[in-house]
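Biologist: Before I plan anything at the bench, could you take me through this model, one question at a time?

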Amino acid sequence: MNAAASHTAALLDSTHGKPKLLVVDDQPVHLQLLMHTLSADYQVYMATSGEQALALCRSDPPDLVLLDVLMPGMDGFTVCKALKADPQTAALPIIFVTARSDPGQETHGLSLGAVDFIAKPINPAVVKARVHTQLTLKFQADMLKKLVLLDGLSGVFNRRYFDQQLASEWARSTRSGRSLSLILVDVDHFEAYNTRYGHQAGDDCLRTIALALKEVLRRPADVVARFAGEEFACLLPDTSPAHARKLANHMEQRVRELVGLKPDQSAGRQVTISLGLVTRLQAAPVTWEAFLQAASEQLQHAKKAGTGQIRALQLDGATQPAT
Ligand SMILES: [Mg+2]
C-alpha cells in the first residue's frame with residue numbers, strides 16, 4: 001500500500017474497533033433482548049427514555065440508533081425529529097423498533113428520516129441483518145465524504161478542506177481570542193528535482209514530505225493540507241508563536257531525515273523545505289485573507305534567505321485592521 005492509500009485507510013478507520021449502537025426502549029426486557037442479540041458484534045449503549053437518547057446522541061454520537069416508538073414522555077418519533085433537526089446528529093441512521101407495525105406508522109417513521117422499521121417481537125437474525133446493512137451504507141457514505149476532502153497524491157487533506165477549516169478556525173479564534181497559527185511549507189528547488197529525477201520521484205518526494213508533516217503534527221485539531229503544487233499548509237488552532245516555531249523546526253529536520261538522497265546528490269543538495277509561519281494572537285483585527293497573505297510573505301522571505309529556512313510573524317491585538 002502506498003503512503004496515500006495507507007493514510008486514507010487510517011483516516012477511514014474512524015470507528016476504532018466495533019461500531020457503536022444506541023438502543024432505546026422504555027422496557028428493560030426489550031433492551032435486554034436487543035443487547036443480547038447485538039453485543040457480540042457491536043458496542044451497545046442503552047437509553048430508557050427519549051430525553052436520555054437525545055443527550056447520548058449529542059455527547060457521544062453512535063453509528064446507528066435502534067429507537068422504540070412508544071415510550072412515556074418523549075416518544076420515538078419526537079426523538080427522530082429532534083435528531084434530524086440538529087446538524088450535528090442529522091446524519092445518524094435511525095431504525096425504528098415497534099409493536100405497532102401498521103403501514104401508516106411505518107410510512108410516518110420513514111417520512112421523518114428513519115432508514116428502516118423493525119417489528120416487535122423482534123427476530124434476532126432479522127435485526128442483525130438489517131443493522132449490518134444500514135451500517136455498511138453509513139460507512140460507505142462516511143468514506144465518500146472523507147475522500148472528496150483528501151488530496152489523491154499525498155493523502156493529506158486537499159485545498160477545499162483547508163479553506164473550510166481556515167474559515168471555521170478563524171471564526172473560533174475571533175470568538176475565543178485564542179491563538180491560531182499557520183505554517184506554509186514549500187519544497188526548495190522542486191522543479192529542478194522533478195526535471196532531474198522525473199515526475200514519479202517528484203510525487204514520491206511530495207508523499208514523503210506529507211508524511212513527515214503528519215508525523216510532527218499529532219493533535220486531532222491540527223490540519224495538514226496540500227495547498228498548491230509543492231506547497232503544504234498546516235493549520236494549528238490554539239498554538240503559540242513559540243510552539244509553532246518549535247513544530248516548524250521539527251518539520252524541517254524530519255524532512256531532511258526522511259527524504260532519502262539520490263545516488264548523485266551530495267549532502268549539500270539534500271531535499272529541504274522552507275517554512276513561513278504566522279500566528280494570530282488575541283483575535284487580532286485582521287481578515288483571514290490578510291492572515292494567509294502574511295504567511296505567504298513569510299514563506300517568500302524564507303525562500304529568499306536560502307534553503308531550509310523559517311520565517312515567522314505575529315499578529316497581535318495592536319495590529320491595524322487590513323484595509
Ligand atoms: Mg415502548
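**Sheet and metal site**

Modeller: This is a predicted model, and a good place to begin is a single pair of residues, since Ala-225 stands opposite Ala-233 in E8.

Biologist: In which sense do E7 and strand E8 pair, parallel or antiparallel?

Modeller: Ala-233 of E8 faces Ala-225. Over 5 bridges, E7 and strand E8, the latter covering residues 231-237, pair in a sense that is antiparallel.

Biologist: Which strands stand at the edges of the sheet?

Modeller: The sheet is open and mixed in its pairing, with 5 strands in the order E7-E8-E6-E9-E10. A strand at the edge has a single partner, so one of its sides is left without a neighbour in the sheet, and this applies to E7 (223-228) and E10 (310-315).

Biologist: Which residues coordinate the magnesium ion?

Modeller: Along the chain, the donors follow the spacing D-x41-D-x1-L. At 2.1 to 2.2 Å, the ion is coordinated through OD by two aspartates and through O by a leucine, namely Asp-26, Asp-68 and Leu-70.

Biologist: How many residues apart in sequence are the parts that Asp-26 and Asp-68 tie together?

Modeller: Asp-26 lies in the loop between strand E1 (20-24) and helix H2 (28-38), whereas Asp-68 belongs to strand E3 (residues 64-68). The pair therefore ties together parts whose separation in sequence, in residues, is 42.

Biologist: Does Asp-68 count as buried or exposed?

Modeller: Asp-26, at 24% relative accessibility, counts as partly exposed. Asp-68 has 3% relative accessibility, and because buried means under 20%, Asp-68 counts as buried.

Methods: Residues numbered from 1 in each chain as written. Predicted model: local features only at pLDDT ≥ 70, side-chain atom pairs only at ≥ 80, totals over all residues. Heavy atoms only, no water. Pairing = 2+ DSSP bridges. Helix = DSSP H or I, 4+ residues; strand = E, 2+ residues; numbered from the N terminus. Donors = N, O, S within 2.8 Å, 3.2 Å for Na, K, Ca; no water. Buried < 20%, exposed > 50% of the residue type's maximum accessible area, 1.4 Å probe, protein only.
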